[in-house]
Structure formats: structure tokens, C-alpha cells
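Me: Please take a close look at a single part of this model. Tell me what surrounds it and how it connects.

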Amino acid sequence: MSRPNAWIGSPVPRVEDERLVTGRGRFVGDLVPERLLHAVMLRSPQAHGSLRSIDAGAARDLPGVVAVFTAADVGAAGAVPLIPQRQHALPEGEAYRQPVIAVDKVRYVGEPVAVVIAEDPAIAEDALELIEVDIDPLPPVADHVAADSDAALLFEAAGSNRIAVLRARAGDADAAFAAADYTRRAQFGIQRHTALPMEPRGLCATFDPASGRLVLYGATKVPYYNRRALAGMLGLDIAAVDLIEVDVGGGFGARGEIYPEDFLVPFAAMRLGAAVRWIEDRREHLSACNHAREFHADLEIACRRDGTVLALRGRVDADLGAYARTNGFTPPRNVVQFMPGPYRIDHVAIDGHLLVTNKTPAGTYRGPGRFETSFFCERLFDMAAHDLGIDPVAFRRRNLLRKDELPRPFPGIVGVDAATELDNGDYAFVFQRCLDDFGWTEKAALQGRLIDGRYHGIAVASFIEGGGGAPRENARITVEADGGVAVDVGSSAIGQGLATVLSQIAADALGLPMSAVTLRHGSTTLVTEGFGSNHSRSTVMGGSAILVAAEALLAELRTVAAAELGGAATDVRIADGVVHGAAGQRPLSAFAGLSVERTYHNTKYTYSYGTHAAHVAVDPRTGHVEVIDYVTVEDVGRVINPATLHGQVIGAVVQGLGSVFLEHLVYDETGQLLTGSLADYLVPTATDVPRIRGVSLGLERCPNNPLGAKGAGEGGLIATGGVIANAVAAALRSFGVEPNHLPLSPPRVWRLIQEARRRQATPHETGQGAA
Amino acid sequence: MTTARITLTINGTATTLDVPVRMTLADALREKARLTGTHVACEHGVCGACTVLVDGLAVRSCLMLAVQADGAAVTTVEGLARDGALSPLQAAFRDHHALQCGFCTPGILTTMHALLTAEPDADEARIRDVLSGNLCRCTGYLPIVEAVLAARDAYRAPDGGPEAAR
């Protein structure tokens, strides 16, 4: 139709904003259905123990309390349901699934053991104090080392704390190591942290006993999957269940998975024939919402003397917490498979050990596995480059994949269907663009310099960002009586401005102004099936589904219009909301009610890619690291809305800086969470944020979808660990410091400097070098 | 539960509420006055999402009891816009993409409104300093700082002051 691409590529203001800046957003905690009751969870105060008894008598007697449910109630009609493995399931994971309420054991602090339903949330919280829970303590498995020993077991029936070992393989790593000029081995660690959306989780369930219909508000990310799974767990027909998406205060991978509460809240609503709302508080959130990122790695790199990377091998331990949650295996799977990132590494042998510990279960967080591998690999690269006397920029140039080497498959995972390949791109171009924008040449003189008491360092790191999560997405487009269109899509919003971006795509496809498009998403009432918002997929998949549906709608319009207005369908022109036929024209509104739903299928992921560069200054007296300048350049295939994309990039970089410097879920040796408030769990604030320049390019369209877009939104975070740690290492080169464990908090950096000074005072210490 | 009757002005409207004496101002605004634009995200005074203006001062409504607001004039995010038009600050947030999920936004708008009302010439460092009391997980703060800088002019208007800037 006319005006192609008028909206795509334009920084149009978000359609979401007017509501949100005036306080008219509608979040789940704002919903007040008729006869609303309130749920609160009683959570285990102990990390590991046998659940002997629960006495809720006094709580039930408290005026205002309606019910207290425990495993005895949930399991009255059969086994207590288990949380499913939604994504990247493993048969070995079945024995490690979480019951929706603790049955015989508790396995982490924060695990739900009872649900109180009351007329008022404060009364429900009062009732928590009256419930007596008898837990017989068991030895806590507090970390991955204890887990690996199997001295104490979380799951006696399973016989081990090791769920499985994922083995990524490409080429022949051992042979490559045997033949290499140079090898180096190092140990790495990434601290446990979490996505921490600003809106705590919440759910509101209504159940109508007469019709048997359950409606669950507060859904996001994967509402259609959750409907299917929850219907089964609740014993309802899928047609009797709807999940409704309202405004969502941030997702970042953690929100919208099936958690215990996603069963318990509708369960309570069904049992009581009432509406039940549950809103998480922040302390609960920190111990109950998915944790992420805790990996410990022992890795080895093999190179030629000229800096060509030949092979990577080693072991990664994933501390997954107490249970195999819905997507708990996605991060370790990504860690073992995506270790090479955008670099040419032909020989890979990485074993990922999936371990359970008495901590909150883990799942995905923005850039799962990508952040981790980027940190491990980029650190190894700079260690190797330094040992070999090669400039880190030249080292990366030598190893970045060339345009003509794409597409290129990633290592496979033994026994797992995990085939995927890098699609396309010009990695070297983006690398150079980042160096140029950063001013690498001018800043190179700063490397390792002591200026006014602080050491300066710069570093550069490249990354890939997976997106376009398959397998398909649905969109329905309906002509409305006012001449506009309603576009319904199975993708979900998590606060990223999805409605704006998808409206732009729909408006372009139909040649309509954006104001003529009403975009609805997420809820299970809209389309036949949907696949939600994860794996940077909602723009790629939802947008492609809209393109396919728009094409079908236009074809349908031409056929119908030709019948009414004469001539052949091919003669019909549709422009600016007017349908022109051989014998006249009709406004689009004359075709109100015309509606098509189409499915877009895709089997291939998209791989955005880019480069980050950072300049830091380290104060050796305090260990404080200041980020002075930060540049990211990423090619996302095709930019739909540069303004919302830029916002995603800056936000992601800042989250990454939180991961690098601040955020840490600390447990003591008994498995108690010590960081249960935002006064203890620190995230970046406005005074922590440095100068950040984000450049997003639509350089090479993705060949694998009609939109040509690749996933975006995670890339700003992915390389932060590697590039900052390398910049700190470069700044402290005179000390020989290797910052291989995050977070780079002042005490940790200070300690590294002190240890280096002690080493330098005792000169017999030997380093590793050429083999 | 002991309740108390309080009378206060909310967004210019005199309002009487019966509240449990232990209820926070945040909960009273949300549950009793049904003004759900004020968001609760930490309930321990760290994140700033629940910030409202009490007699012109930015206050964490999760740390204040509703009974303490008896007789006060409270402004919530719903009270920033006038006659259906966005305030200059709200418009600047939209124009500068200073929000994504929007959950922290009401508390940031009220906080920055209080800042610019008192200090219309606040520079970037001052804005960042005050903004550091509010947590945002989506934007990385930089677009928020840009929006607030851009909104300063409206607070400096010759006939200005807080009312004109609304």
C-alpha cells in the first residue's frame, strides 16, 4: 500500500506513555474484582529440613481469615502438582521439579509452606505469625562445592545433587590443546543475582463456580503456555481458563514463569469460589522470584603464537538453587553452547554441571548464558593476548568471524537437540565502528596510566545476542467500524513498549496512520495460540506474524472489494484507508468485521551482534572503579523504533553495570539469604551511571524473517562483564591483577591489589606462560 | 482493628477516609481513595516508587501512616496533569522516552516535580543526586535526567511556580 515504511524506523512516541505518566496504568495490584480476598504466603525460614507438621488452627480462628491451605489441602485430591519444565527440559530434571507447596521437605528459605486467605492483606499477614511450622533441620547444601560432594542430598530419591552434565562439543579440543603453542587455564566466578523488576510479582484470580471459568490476571511472558500448564495442574479444561495480561512493571526474564503462587492463587480462588489477589512484597521477591547467573568456571584456552584461538575446554558449575524451575536449564545450556560467541573457535569441549543447592531456584535473566560466556571468554582472551604480547584489539580482529564465514553453527550439545547457527552480519565493521566512536586510538595512551591517584584502563569486547525465539506466533487483524484495525498478537509486553513497535509494523503493512491501529497483546482471549515475550522474540516473531496477517487481510479485502466494486481482485487498490475498485471506491470501514488470523512459523533464531568498549579509573586506595566512558554498537538487522531501542540499550548497559559492580544475593553457610531488602541488595542509581553512548544499526537485515529484524534489548547487557573486567585488568596491569570473579566491588578490587602487592614483594612467584 | 477518620486534601479535593490506624498512606491512597497511580515496590523506603507530595514535600508514602496525613494536602501522580493535559514534566518524560514499564515513573515524577518547584535551576548533578533516591530498572536513568533538564523551563516561567508548571 502507499507510504511504505513511514513508521518503521521512525522514533515515534510510545502509545503506552500517556497512561503511564498520568497514573492511569492498570497493573495487577490495581485490580479490585467483586468479593476480593487476599492471599499471603507462609515461607520456609529454613534452608533445608524435614517438614514435620503445620499447625494453622490459631490462624484459621483469627477474625477475617477465610482459609489456610497447606500441602494437605492441595494434595487432598491426588499428588501435589509439580512445576513443569517449560523450556530446554531434560529428562534428568524430572526428579528435581518443585511441588507448588512444600510437601515433606523444605529446600530453600522462601519456599511456600502455607497460604493464608483473608478479607484483608494485613490480617492475612497477622495470621502468618500464628501458624506453627515444625521443621527438623537437615544439613544445608550451601554452595556448589558442597553440592558436588553429595555429602548431603536435596533429593534423596534422585541420589545426587547433580541433575545432569551438559557437554558442548565442536571439533577435537584435546587434540587442539596437545598441538597448541600456548595454553592458559583460569578459574572464574559470577555471583548470584536477579532480574529485579520494579513491580513485584502479583496475580489476581477470579473463579465463577456456576460456569467453572477461571480468569487469572497478571500473566505475562508466556500466557498461552501457562494457561495450558495451569489448566492441567488445576484439573480444568483449557477452554475454561483465560490468562489476562495487564500492565507489567518489568520482566527481564524472571516474571511470568510458572511459580508456586501461579498455582496457589487460582487454587484458592477455585476452592473458595471467590476472587483472590496476591501481591508479592520485596523481601518475598528476593527469596522467591528466580535467581540467576551463579556460575563457577574452570576454563582453558589454547592459541597459536600469533594469537589465533584454537580451542576452549573446561568445566562450568551451575548453582541452580533448590529445584529445576521452568527455564532453569536455559542459562547453563547457553553457557556451554555459546562460549565462542562471535569468534572463530573450532574446537570446544565444555562440560556444564547442573547442581542443586539449598538456595532459591534459578532461571533466566536478560542475556542468559551470554553475559556469563562473554565474561569468561573475554577475560581469557586478554590474559592470552597479554601473555603472547599481542594487542587486545589485534587479538580480537584475528579471531572475529568474517562475513564470508557466516552462517556458522555453534557447538552441539551431546544428546540434546540444540542445533543453531549464527545467521549473518559484518562483525569486523561493527567492531571498528565501536573503536572509532569510543576513540580507542586517542585513549590508548591512557592504558595502565596513574593519573591523579587513579589507574586508567580501556577494553573492548564483542558479543552475540540470540533472539527470535521460535517456533511460531499468531496475529489477528480485524477491520473495525471506525475504519481502523484491531491487531491482536500472541506476543506479550513486559514494559518494553511492545504495543508501539508492533503498531508501527501494522500501520506500515496496511498503509494506515498509527492512530488507526489498536494493538492488543498477550491475553489468551485474543488469538488461537501465542508464544509470548522471551528470548528477544516479541518484535521479530510478533512483527512477522503481523506482516503475514496483514498480507492475508489485504488479499481478502481485494477479493471482497472486487465482488462489490467490479473488476478483478488484482485491480483493487487500497490506500490511506480507502479501497478503490473498478467501479468505485469504499472506505475501509465499509468492510468492518473482516478478520483474518495467521501464524508465522520460524525455525531459525536471529543473532544480533556488537561490540562494547569501556574506559575505567581504579582508585587503589579504596578499590573503587569509576566507569568514565562506555560505548556500545550493535547491529540488530532492522531498527523499528530507534528511540525505544536506544532506551533498551542504555537500560541494559546499566543493568549490566549492576551485575558487574553491585548486585549480589549473599547467603551464609546455613543457607540464609542475607540480602533480603533493597537496602542490602544494591542496584544502580542515577549517580552510579556513567556517560553511555549506544549506537544501534540496521546494517544487515536478518535473512530468516520477513521483517528482517533481529532480537534486541539484551545486547547492552551482554558484554558488560567482560569489557569492564578487562578494563580493570588493563588499568591494574602493573600489579598483574586478574579480576576473574564478580562483582568487582571495592573490597574485592582492593583485595586483589593488596594480594598483588604482596606477590610483588616476594619475587619468587612464577606465572603461567607459553607451553 | 482500630480505625480512625482522617480528613485531607488529595489533588485539591477535600477527602474523608476511614483507615486502620496501622495503614500506610500508600495503602490508603491506593485502597481507600482508589488512586492506584501511586505504586508500592519495596515497602521499606528505598525505591521511591510510592513518593507523593505532602504539603509540597516529597514523601515516601510507604513510610508514613495515613493518620499522619490528617489535615495535610497530598498530591499524587494523578494530580500533576491539569484539565486533561500532561504537565510539562509528564510531557518531557514522554518526549524523551524517560519510561519503559512505567512502574517507578509516578514516584519519579512527583520527586522531580518537587525538586523543580523548589529549584527550577537544578543542574544535571543536582538532578542526578535527587533522582538517586528513586530506583528505575528499565531506563538506565539517562533519559530521565534529559527529560527533567528539558522540563526546567516551565518551572522558571515568569508567572511560574509550581501551579503554573502543572
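Reply: A strand here is a DSSP run of E with at least two residues, numbered from the N terminus, and two strands pair if DSSP finds at least two bridges between them. The model is predicted, so local features need pLDDT of at least 70, side-chain atom pairs count only at pLDDT 80 or more, and totals for chains, interfaces and linings use all residues. Residues are numbered from 1 along each chain as its sequence is written, while chains are lettered from A and ligands numbered from 1 in the order in which they are written.

The part I chose is β9(A), residues 202-208. This strand is mostly covered. Six of its seven residues are buried (20 or more other C-beta atoms within 10 Å of the residue's own, C-beta atoms being placed from the backbone; 12 or fewer is exposed, in between is partly exposed).

β9(A) has a partner in β12(A), residues 275-279. The two run antiparallel, with four bridges between them. One point to find on screen is Leu203(A), which faces Trp278(A) of β12(A).

β10(A), residues 213-217, is also joined to β9(A). That pairing is antiparallel too, and five bridges hold the count. Look for Ala205(A) here: its bridge partner is Leu216(A) in β10(A).

Now the turn. β9(A) and β10(A) form a hairpin, with four residues between the strands. In this hairpin, Gly212(A) takes a positive phi, near 75 degrees.

To trace the part again, start at Trp278(A) in β12(A) and step across to Leu203(A). Move along β9(A) to Ala205(A), then cross to Leu216(A) in β10(A).
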